[in-house]
Amino acid sequence: MAISVFIDGAAGTTGLEIGERLAGRADISLIRLDDSLRKDTQARAEAMNDSDFVILCLPDDAARDAMTLIRNEHVRVIDASSAHRVVPGWTYGFAEMHEGQRQAIGNSWRVSNPGCYPTGFLALVSPLVERGLLPARHGYTVNAVSGYSGGGNALIDRFRVQEPDIGFRTYALDMAHKHLAEMQVHAGLDRAPLFAPSVVRAMRGMMVEVPLFLDSEAGFASARELHDALRAHYLGEPLVNVMPMEDAPAEILLSENAAPSDALTLHVHASADGSQARLIAMLDNLGKGASGAAVQNLNIMAGLDELAGLRV
């Protein structure tokens with residue numbers, strides 16, 4: 001029997017891609033509203049309470065408001081916004097991050113989808129801090145670039161129509177960003193990292209880098225130990241690939257017209273003397289960083305094939 005799913009915010013970038021991944025699946029029945037009712041509170045409330053699962057693809061405040069509309073205790077929710085990522089009672093929806101996380105997602109009624117940048121950062125840092133190979137007290141720097149689709153329809157329109165000559169945009173220059181809390185909390189860090197996000201002229205794709213000075217006296221393991229720990233942690237995970245250090249490329253590229261992907265690729269690069277390393281995560285900000293992760297979490301929660309509808 002198919003499970004019923006309502007996407008609140010189905011017309012946005014993330015919602016559209018979730019709908020594409022779920023369309024045509026015999027195990028999923030999508031509840032859709034006519035365009036004229038998409039913002040009608042009563043119609044939305046009825047659709048939510050009539051569904052087995054609700055996926056929220058809304059701004060943070062709207063996601064919080066949407067939760068007040070759900071009165072059916074049997075409705076399970078996946079929130080793709082950042083509203084509930086560090087809120088007690090919500091399970092963080094990164095199945096591969098910790099042992100037991102997949103089971104926690106499967107048993108949860110409230111799952112918060114990770115942010116796109118935090119997905120890359122946490123994939124690299126969280127398992128290593130957990131194993132004592134990186135110090136929790138360190139002040140980490142995160143350099144990251146994303147395709148402009150990460151900013152939703154407004155930024156897409158800006159890059160494509162309003163200001164088509166933009167090649168590179170850096171922002172969050174006040175050192176404040178809504179992703180910092182989940183980066184710190186879910187990596188188990190004593191303080192939030194210094195986060196330097198940017199946008200490049202590409203529709204989709206993302207590179208998240210954590211550069212390190214490998215001071216053993218300060219609690220840092222060697223680059224080889226970091227790589228091998230990541231490789232062991234993600235062994236057997238179909239969506240996460242840790243590249244061999246021996247085959248480290250001389251350059252890593254983001255394509256302007258990359259195909260959609262729900263996979264995540266991790267790299268560990270080391271200096272010749274072993275004193276420095278660059279941990280790099282590559283992912284599709286609309287895939288493993290948003291819509292793909294939501295579908296993966298839905299599959300886990302519903303007891304379905306975890307990879308159904310995903311682009312591996």
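## Two buried arginines

A residue counts as buried when its relative accessible area is under 20%. In this predicted model, Arg-204 has a relative accessibility of 8%, so Arg-204 counts as buried. Arg-21 has a relative accessible area of 3% and is therefore buried as well.

The two residues sit in separate elements. Arg-21 belongs to helix α1, which spans residues 13-22. Arg-204 is found in the loop that links β9 (194-200) and β10.

## Contacts around the arginines

Arg-21 and Arg-204 touch each other. Glu-17 has a polar contact with each of them: its side chain is joined to the side chain of Arg-21 at 3.0 Å and to the side chain of Arg-204 at 2.9 Å. The side chain of Arg-204 also makes a polar contact with the side chain of Asp-284, at 2.9 Å.

Leaving aside residues up to four places away in sequence, Arg-21 touches several other residues, including Asp-262, Leu-286, Ser-291, Val-295 and Arg-311. With the same neighbours in sequence left out, the residues that Arg-204 touches include Gly-147, Ser-149, Ser-255, Pro-260 and Leu-286. Leu-286 is thus on the contact list of Arg-21 and on that of Arg-204. For a sense of distance, Arg-21 and Gly-139 are 118 residues apart in sequence, and their C-alpha atoms are 38 Å apart in space.

## Strand β12 and its partners

Strand β12 is mostly covered, with five of its seven residues buried. On one side of the pairing pattern is β11 (residues 240-242), which runs parallel to β12 and is joined to it by three bridges. Val-242 has Leu-266 in β12 as its bridge partner.

β12 also pairs with β13, and these two strands run antiparallel with seven bridges between them. In this pairing, His-267 stands opposite Ile-280 of β13. The two strands form a hairpin with five residues between them, and Gly-274 in the turn has a positive phi of about 75 degrees.

## The second largest pocket

Which strands each supply at least two residues of the lining of the second largest pocket? They are β10 (206-213), β12 (264-270) and β13 (276-283). The hairpin strands β12 and β13 therefore both contribute to this lining.

The pocket has a volume of about 240 Å³. It is lined by 14 residues, and the closest to its centre are Pro-211, Leu-212, Phe-213, Gln-276 and Ala-277. By type, the lining consists of seven nonpolar residues, six polar residues and one charged residue.

Technical notes. Residues are numbered from 1 along each chain as its sequence is written. This is a predicted model: local features need pLDDT of at least 70, side-chain atom pairs count only at pLDDT 80 or more; totals for chains, interfaces and linings use all residues. Side-chain values use heavy atoms; hydrogens and water are left out. On a 1 Å grid over the protein atoms alone, a cavity is a set of points where a 1.4 Å probe fits but cannot get out, and a pocket is an open set with protein on both sides within 12 Å along at least five of seven lines; lining residues have an atom within 4 Å of a point. Grid points are joined across faces, edges and corners, and a volume is the space filled by probe spheres set on the points. Helices (H or I, at least four residues) and strands (E, at least two) are DSSP runs, numbered from the N terminus. Ala, Val, Leu, Ile, Met, Phe, Trp, Tyr, Cys and Pro count as nonpolar, Asp, Glu, Lys and Arg as charged, and the others, Gly among them, as polar. Buried means under 20% relative accessible area, exposed over 50%, partly exposed in between (1.4 Å probe, protein chains only). Contact means heavy atoms within 4.5 Å. A polar contact is a pair of N or O atoms within 3.5 Å; within protein, one must be able to donate a hydrogen and the other to accept it, and residues adjacent in sequence count only if both atoms are side-chain atoms. Two strands pair if DSSP finds at least two bridges between them.
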